[in-house]
Amino acid sequence: MADRFEVIMSGDDIKKISSLGLAHVGDAVYELLVRTSMLESGLAKNSDLHRLTVSYVSAPAQSKAVDTIMPHLTEEEVGVFKRGRNAHVHAVPKNATPGQYGKATGLEALFGWLWLKGRKDRISQLFDIIMSEDGSDAL
């Protein structure tokens, strides 16, 4: 049986995945990190979990997260982010501007790319930077 939590794809295989495909995986990775952080903190009541999750995974919040980590990204990571940011999306949520949504998609593509490369260490580093700069150390 394959260990689905130890996914490592080759660079060539990852290049074949669309930027929106990377964002699809990255969205799940990012949300799982947020949800886990909330539970680890012990601060979130059951009634607040969804509202708090949305406040961190919304396009405006993810757009701010990009601003926080951008100085810490490698050249290759910036390239993956830009590939995701520039993806052609068909609809933008009403709570976000097209610019915010593009940046959020880029962040998700980056997290998806790192996940598929097996770079959990780097995902953790970037997530920690986001949470500490956001003032969310409590999570």
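**Helix 3 and two residues outside it**

The exposed residues S47, H50 and R51 (exposed meaning over 50% relative accessible area, buried under 20% and partly exposed in between, with a 1.4 Å probe and protein chains only) are carried by the face of helix 3 that is turned away from its buried side. The model is predicted, so that local features need pLDDT of at least 70 and side-chain atom pairs count only at pLDDT 80 or more, whereas totals for chains, interfaces and linings use all residues. Residues are numbered from 1 along each chain as its sequence is written, and side-chain values use heavy atoms, with hydrogens and water left out.

Helices are DSSP runs of H or I with at least four residues, numbered from the N terminus. Buried positions in helix 3 are D48, T53, Y56 and V57. These residues lie on the same side of helix 3, because they cover an arc of only 150 degrees around the axis, the arc being that of the directions from the helix axis to the C-beta atoms. The cover over the buried residues of helix 3 includes helix 2 (19–41), helix 4 (59–69) and helix 7 (120–133).

S19, which is found in helix 2, counts as buried because its relative accessibility is 12%. Neighbours within four places in sequence being left aside, S19 is in contact (heavy atoms within 4.5 Å) with R83, G84, A87 and A109.

V92, by comparison, lies in the loop between helix 5 (75–85) and helix 6 (98–116) and is partly exposed, with a relative accessible area of 35%. With neighbours within four places in sequence again left aside, V92 is in contact with T97, P98 and Y101.

Conventions: Helices (H or I, at least four residues) and strands (E, at least two) are DSSP runs, numbered from the N terminus.
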